[in-house]
Amino acid sequence: MSPSAEEKINRIAPVLRILLGQDGQYPTVRFVEKTSLPAVAVSVPDSADETAVIEAVSKALDRASDVQAISVEGVGVFEVGAVADATTGRVAGKVLIVTGAAQGFGLEIAEDLVSRGAWVVLADINDAEAKKQAEILQQQYGAGRAMAVAMNVTDLASIQAAINETVKTFGGFDVFISNAGVLKAESVKTQPEKDFDFSTAVNYKGYFLCTQVASKILALQHKADPAYMSDIIQINSKSGLVGSNRNGAYAGSKFGSIGLTQSFALELIEDGIKVNSICPGNFFDGPLWSNPDNGLFVQYLRTGKIPGAKTIEDVKKAYEAKVPMRRGCTTPDVMAAVYYLIEQKYETGQAVPVTGGQVMLH
Ligand SMILES: NC(=O)c1ccc[n+]([C@@H]2O[C@H](COP(=O)([O-])OP(=O)(O)OC[C@H]3O[C@@H](n4cnc5c(N)ncnc54)[C@H](O)[C@@H]3O)[C@@H](O)[C@H]2O)c1
């Protein structure tokens, strides 16, 4: 069977992006039907495997200078952005996908990355909100710096479609942040099976499915240049390191995901992919806790979970008191771990706690 249009783009654009890189900086490579730019012609037979694609592209690029576009017969044209993008910052020119980026940690992670020079894809099941947030980021940081894609992390076809869109727009990506997660806290004695399945599907299986799709592009980029390395980072939780009372479905999905991280790390290092988890403590300022209608603070106040608490502030204080550093986790705390994992070239398969001392490894 001959490859689909998307499959052809997915095996050519990432190779172009990496082979056009200079000193660890990579241009964006955008798929277009037609271009007015002068284009270098590359011939890639449908039957070519990855190695043959890399050879064909390298040969064509070796003969060319100042490449502005590449045309591939039967596929289309790829326009090449500047290698040294106008952006500066800790992740300048890198392309990152963040799942669950319409709100909460995911959105704040995406914002921080864009502010430090990255191109960011906000992937969320709530695509309307992700789109709104991507537009706000573009207004602040420039056109094209952020893009929203619809993605349901429990659905392989939806993940594949989002990755296809990312590759068409940027040519590939360097870091995949698996952040989308859900929480339905309830006692094992009463929790409906469907709620357990829901947590497991999003937090655990979703991470597996996303890694399966994302790793193909990252592995191809490594094949194009064996010195190139990339990252998959899962936003886990302190509940992936210690049990969580009346919250087994969530904690189980997070513990299980650390098993996935360790196993993926062992397997994917041959493709130059580091795989790590970050385990944040409670993000009290985010909507999960602070939403005035259904946030955990309001829920815990209503259900009397904290004896004697009369206000949301009382509930919050009780939770802060559990943390040696006496405060909740914030996005800058998480970002310190994200940048550590990207910049550290000699670590994989780890679960990095960011808990203010609430969870200590042993
Ligand atoms: N909030 C905390 O206190 C806390 C603490 C530690 C870890 N975490 C973890 O951080 C991550 C983000 O949590 P948050 O508090 O920002 O959550 P949140 O509820 O504020 O946001 C979650 C986002 O994920 C999206 N989402 C849900 N299901 C999805 C699906 N199937 N496909 C794609 N997107 C989906 C939602 O639309 C939403 O935009 C989660 O993995 C969570 O377990 C949160």
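**Figure 1. Surroundings of T35 in the loop between β1 and β2 (39–42).** The model is a predicted one, in which local features need pLDDT of at least 70 and side-chain atom pairs count only at pLDDT 80 or more, while totals for chains, interfaces and linings use all residues. Residues are numbered from 1 along each chain as its sequence is written. Helices (H or I, at least four residues) and strands (E, at least two) are DSSP runs, numbered from the N terminus. T35 counts as partly exposed, with 16 C-beta neighbours inside 10 Å. Here a residue is buried if 20 or more other C-beta atoms lie within 10 Å of its own, exposed if 12 or fewer, and partly exposed in between, with C-beta atoms placed from the backbone. Leaving aside neighbours within four places in sequence, T35 is in contact with A69, V77 and E79; two residues are in contact if their C-beta atoms, placed from the backbone, lie within 7 Å. The C-alpha atoms of T35 and A69 are separated by 7.8 Å, although the two residues are 34 apart along the chain.

**Figure 2. P38, a further residue of the loop between β1 and β2.** P38 is exposed, having 11 other C-beta atoms within 10 Å. Apart from neighbours within four places in sequence, P38 is in contact with Q68 and A69. Between the C-alpha atoms of P38 and S239, 201 residues apart along the chain, the separation is 54 Å.

**Figure 3. Positive phi values at D66 and R246.** Most residues other than glycine have a negative phi. D66, placed in the loop between α2 and β3 (69–72), has a phi near 45 degrees. D66 is exposed, with 7 other C-beta atoms within 10 Å. R246 is found in the loop between β9 (230–235) and α7 (248–268), and phi of R246 is near 55 degrees. R246 is partly exposed, with 15 other C-beta atoms within 10 Å.

**Figure 4. The contact between domain 1 (5–80) and domain 2 (95–281).** The domain bounds come from an automatic or database domain assignment. The centres of domain 1 and domain 2, taken over C-alpha atoms, are 27 Å apart. Domain 1 brings 17 residues to the contact and domain 2 brings 15 residues. On the side of domain 1 that touches domain 2, at least two residues each are supplied by α1 (5–19), β1 (29–32) and α2 (50–63). The largest share of that side, 11 residues, comes from α1. The residues of this side of domain 1 divide into 10 nonpolar, two polar and five charged. In this grouping Ala, Val, Leu, Ile, Met, Phe, Trp, Tyr, Cys and Pro count as nonpolar, Asp, Glu, Lys and Arg as charged, and the others, Gly among them, as polar.

**Figure 5. The largest nonpolar core, of 94 residues.** A nonpolar core is a set of buried Ala, Val, Leu, Ile, Met, Phe, Trp, Tyr and Cys residues joined through C-beta atoms within 7 Å. L96, V98, A110, V120 and L122 touch the most other members. With 10 residues, α6 gives the most to this core. Domain 1 (5–80) and domain 2 (95–281) both give residues to this core, so the core lies between them. Not counting residues up to four places away in sequence, L96 touches V91, L113, A118, V120, F173, D174, V175 and I177. A second, separate core of five residues includes A185, A249, Y250 and F255.

**Figure 6. The shell of 29 residues around the ligand.** A residue is near a molecule if its C-beta atom, placed from the backbone, lies within 6 Å of it. Among the shell residues, G100, G104, F105, A180 and G181 come nearest to the ligand. The elements that give two or more residues to the shell are α3 (104–115), α6 (193–224) and α8 (287–290). The shell divides into 14 nonpolar residues, 14 polar residues and one charged residue.

**Figure 7. The protein as a setting for the close-up views, with 11 helices and 11 strands.** The radius of gyration, taken over C-alpha atoms, is 22 Å, close to the 21 Å that the globule rule (2.2 Å times the number of residues to the power 0.38) gives for 362 residues, so the protein is as compact as a globular protein of that length. Along the principal axes, the C-alpha atoms fill a box of roughly 75 × 40 × 35 Å. Of the 362 residues, 45% count as buried. Among contacts between residues at least 6 apart in sequence, 71% join residues at least 24 apart.
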